[in-house]
Amino acid sequence: MNNIYLPNLVTIEDIYEEAPDVRSFRLVFKDPKLRDTFEFKTGQFGLYSAFGLGESTFCIASSPTRKGYIQCTFRKSGRVTGGLAQLSIGDTMGFRGPYGNHFPVDEWKGKNIVFIAGGIGLPPVRSVIWNVLDRREDFGNITIVYGAKTVADLVYKEELKHWEERGDVNLVQAVDPGGQTPDWKGSVGFVPTVLKEAAPKAENSVAVTCGPPIMIKFVLNTLLELGFEEGSVYTTLENRMKCGVGKCGRCNVGDVYVCKEGPVYTAAEIKRMYNDF
Amino acid sequence: MADKILKKAGLGALIESVTGKGGRFVAPTTDSRQVVFKKVKSAEEVATDYILARNSFKEFLFPQTEVVAEFTMSKDSVDMKGVEVYAPQTVVFGARPCEAASLAGMRALFTWDFIDEFYTKREENTVVVTVACTKGDDACFCTTVNLSPESTEGTDVYLREAADSYIVQAVTEKGKKFVETHAAVFSEGNAKAEPLFMPEKIANIDIAKVSARLKDKTHYDDKVWARLTSKCIGCGACTFVCPTCRCFDIVDEGTAFEGERRKNWDSCQYDTFTLHASGHNPREHQHQRWRNRFMCKFHFYPEKFSSKGCVGCGRCIRVCPVRLDITEVMEEFSK
Ligand SMILES: Cc1cc2nc3c(=O)[nH]c(=O)nc-3n(C[C@H](O)[C@H](O)[C@H](O)COP(=O)(O)OP(=O)(O)OC[C@H]3O[C@@H](n4cnc5c(N)ncnc54)[C@H](O)[C@@H]3O)c2cc1C
Ligand code: SF4
Ligand code: SF4
Ligand code: FES
């Protein structure tokens with residue numbers, strides 16, 4: 001029988017502490033065949049299980065250009081994520097996916113790309129960032145604007161350092177006012193404001209943004225003010241999900257099922273959607 | 001030409017014929033003074049004088065709770081396996097034409113790209129034997145949603161009541177096979193069908209208009225939602241009795257060593273249904289949740305699956321503790 005609710009078993013190969021209550025797991029499929037054949041596209045998500053506690057939805061935070069494993073990054077915020085946070089290297093958990101649509105990275109060849117992320121919104125964007133950096137010559141300028149509440153809350157600190165150091169990425173880091181430390185060298189301000197100051201040029205550019213719903217709303221406005229076209233601004237929605245496959249009725253915005261037709265949308269598509277996310 | 005007849009006195013023989021082959025026979029039966037669909041073993045249990053069972057028969061295709069996988073855990077291993085679908089040969093006897101018409105939408109939803117075999121296998125093994133309505137009440141409004149006691153959508157075998165028998169019409173291939181399989185209990189004859197109960201079409205409702213209004217996004221923040229539906233207390237009763245509601249939750253039950261993953265009925269009327277872990281809730285107010293239910297029925301199902309999201313059975317009206325009547329909202333959106 002083909003059981004759409006049955007997860008695959010995965011082993012936690014490595015754990016990275018990203019920020020208070022935020023950690024990443026590097027996961028490999030127990031089934032060696034699946035390890036070799038598993039494919040996904042950047043922007044897709046999965047349902048991750050802590051057995052006995054249930055499932056949670058996270059994006060696949062690694063890039064499809066990196067084969068053999070997947071990575072997820074999550075914030076401890078409830079029952080399932082609390083349970084996952086207690087697992088150690090070598091432990092087993094469940095994964096089903098990949099689900100949903102993806103960022104059309106192939107269509108962006110030759111374009112400048114601007115990434116704008118807030119807090120725990122960086123994981124889905126990270127998948128696109130690495131996807132693009134692994135084929136760096138295919139794209140123009142790359143700008144990353146990333147902000148979090150406090151310095152401690154910035155995730156992927158090692159990678160931020162790497163992106164800062166490599167010469168072919170323009171990284172702007174920010175923390176909310178009051179969130180800075182004495183030796184903080186980045187910007188201070190909310191992401192939409194910092195983006196406005198950074199003012200990446202809109203011509204021949206696409207933008208990718210993810211963060212809390214309120215941030216996304218303001219960032220979309222800012223991008224339009226900067227001259228970005230609605231069809232070239234992408235975001236990913238995080239409506240609550242349970243099934244991931246269009247059945248359970250939880251993720252819809254009007255008649256649009258985010259788990260199936262999303263989670264990746266352009267600003268133009270969002271505008272056509274009901275105001276319900 | 002003679003009709004195919006099922007004698008009312010022969011119902012017991014039909015039940016025996018079905019259960020004797022290992023099938024389950026589901027019919028309206030009186031339980032705590034309410035008529036409900038339940039598994040029955042004898043004709044004595046089957047209610048004859050009823051308008052509509054209080055529950056919909058969907059729970060025999062899509063159970064209130066169902067194990068989809070089992071797991072065992074030890075110190076260094078976890079084993080997880082799916083379970084076989086419990087899909088016995090089932091006869092749903094005494095369904096009404098309205099609720100039978102819910103099956104097309106349910107099937108479309110459960111097979112939309114990803115096939116939920118827990119639903120499809122059970123549905124495939126189910127024969128819906130509909131008994132056309134000879135009585136109804138004020139809550140019935142099938143005719144307003146373009147159905148009627150004469151409609152056979154979703155029905156495999158359609159029965160018209162006569163004095164001491166049913167006149168039998170096998171509608172689908174599955175229905176024909178059912179009649180052949182249990183040929184001994186059917187006979188040829190002539191009977192005079194009792195008149196059908198035809199609910200009057202609600203004059204101020206035009207469901208094509210309702211769907212058109214919902215398609216136009218401007219209604220979304222209309223104050224009309226709050227005005228008409230704020231009295232909803234979010235109990236979810238309407239969604240559980242509705243033949244087309246199918247929202248569910250996925251939860252784990254068990255100990256630290258073994259357990260199971262279950263699909264449980266859930267309701268879009270609950271305030272935690274869409275609540276994000278961050279505290280953000282896209283449907284924060286009850287009227288937004290109610291709007292979702294209404295849109296699911298009159299926009300999502302028709303638009304996505306060209307099928308009915310509401311079959312006009314009236315169950316939600318009968319069961320609502322605050323007398324929130326879906327037809328009043330339909331009237332508003334027909335303006
Ligand atoms: C496409 C997509 C991608 C995502 N990607 C990521 C990601 O990469 N990283 C990430 O961290 N998150 C991500 N999320 C969000 C993530 O799914 C949720 O944060 C997570 O599932 C919630 O954690 P949990 O399962 O432990 O919570 P649960 O135990 O299920 O609890 C959270 C839910 O329970 C309810 N709840 C909990 N506490 C209360 C309370 N006190 N009162 C009332 N209700 C309560 C709420 O409804 C809440 O939504 C993503 C979501 C989607 C849809
Ligand atoms: S919405 Fe109400 S009347 Fe319509 S099918 Fe559901 S229970 Fe019946
Ligand atoms: S039965 Fe009535 S009160 Fe309960 S959720 Fe439905 S509309 Fe609201
Ligand atoms: S997550 Fe279940 S329908 Fe989208």
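1. Let's start inside chain B. Four residues of helix H3(B), namely B:Gly105, B:Met106, B:Ala108 and B:Leu109, meet B:Phe300, B:Tyr301 and B:Phe305 of helix H9(B). Sorted by class, the residues of this contact come out as six nonpolar, one polar and no charged. Keep in mind as you look around that this is a predicted model.

2. How do those two helices sit relative to each other? H3 covers residues 103-110 of chain B and H9 covers residues 286-305; their axes come within 11 Å and cross at roughly 70 degrees. Angles from 65 to 115 degrees count as roughly perpendicular, so H3(B) is roughly perpendicular to H9(B).

3. Stay in chain B a moment and find B:Asp113. This residue is in the loop between H3 and helix H4 (117-124) of chain B. Its phi is near 65 degrees, which is a positive value in a residue other than glycine.

4. Now for the place where the two chains meet. On one side there are 45 residues of chain A, and they are in contact with 54 residues of chain B. Together the chains bury about 4,100 Å² between them, with 54% of that on carbon and sulfur atoms.

5. What about charges and polar groups across this interface? The rule finds six salt bridges between chain A and chain B. You can look up one salt bridge by name: the side chains of B:Asp249 and A:Arg250 meet at 3.9 Å, N to O. Across the interface of the two chains there are also 29 residue pairs in polar contact, both residues at pLDDT 80 or more.

6. Which elements of chain A give two or more residues to the side that touches chain B? They are strands S3 (45-50), S4 (54-59) and S6 (92-99), plus helices H7 (258-261) and H8 (267-272). The largest share, three residues, comes from S6(A). By class, this side of chain A has 18 nonpolar, 13 polar and 14 charged residues.

7. Finally, check two peptide bonds in chain A. A:Gly97 and A:Pro98 are joined by a cis peptide bond, with omega about 0 degrees. A:Pro98 lies in S6 of chain A, the strand that gives three residues to the side touching chain B. Another cis peptide bond joins A:Gly262 and A:Pro263, and here omega is about 5 degrees. Look for A:Pro263 in the loop between H7 and strand S15 (264-266) of chain A.

Technical notes
Residues are numbered from 1 along each chain as its sequence is written. Chains are lettered from A and ligands numbered from 1 in the order in which they are written. Side-chain values use heavy atoms; hydrogens and water are left out. Contact means heavy atoms within 4.5 Å. Buried area is the accessible area (1.4 Å probe) that two parts lose on being put together, summed over both. A salt bridge is a side-chain nitrogen of Lys or Arg within 4 Å of a carboxyl oxygen of Asp or Glu. A polar contact is a pair of N or O atoms within 3.5 Å; within protein, one must be able to donate a hydrogen and the other to accept it, and residues adjacent in sequence count only if both atoms are side-chain atoms. Ala, Val, Leu, Ile, Met, Phe, Trp, Tyr, Cys and Pro count as nonpolar, Asp, Glu, Lys and Arg as charged, and the others, Gly among them, as polar. Axes are lines fitted to C-alpha atoms, for helices over the stretch in contact, and angles run from 0 to 180 degrees between N-to-C directions. Angles under 35 degrees count as roughly parallel, over 145 as roughly antiparallel, 65 to 115 as roughly perpendicular and the rest as oblique.
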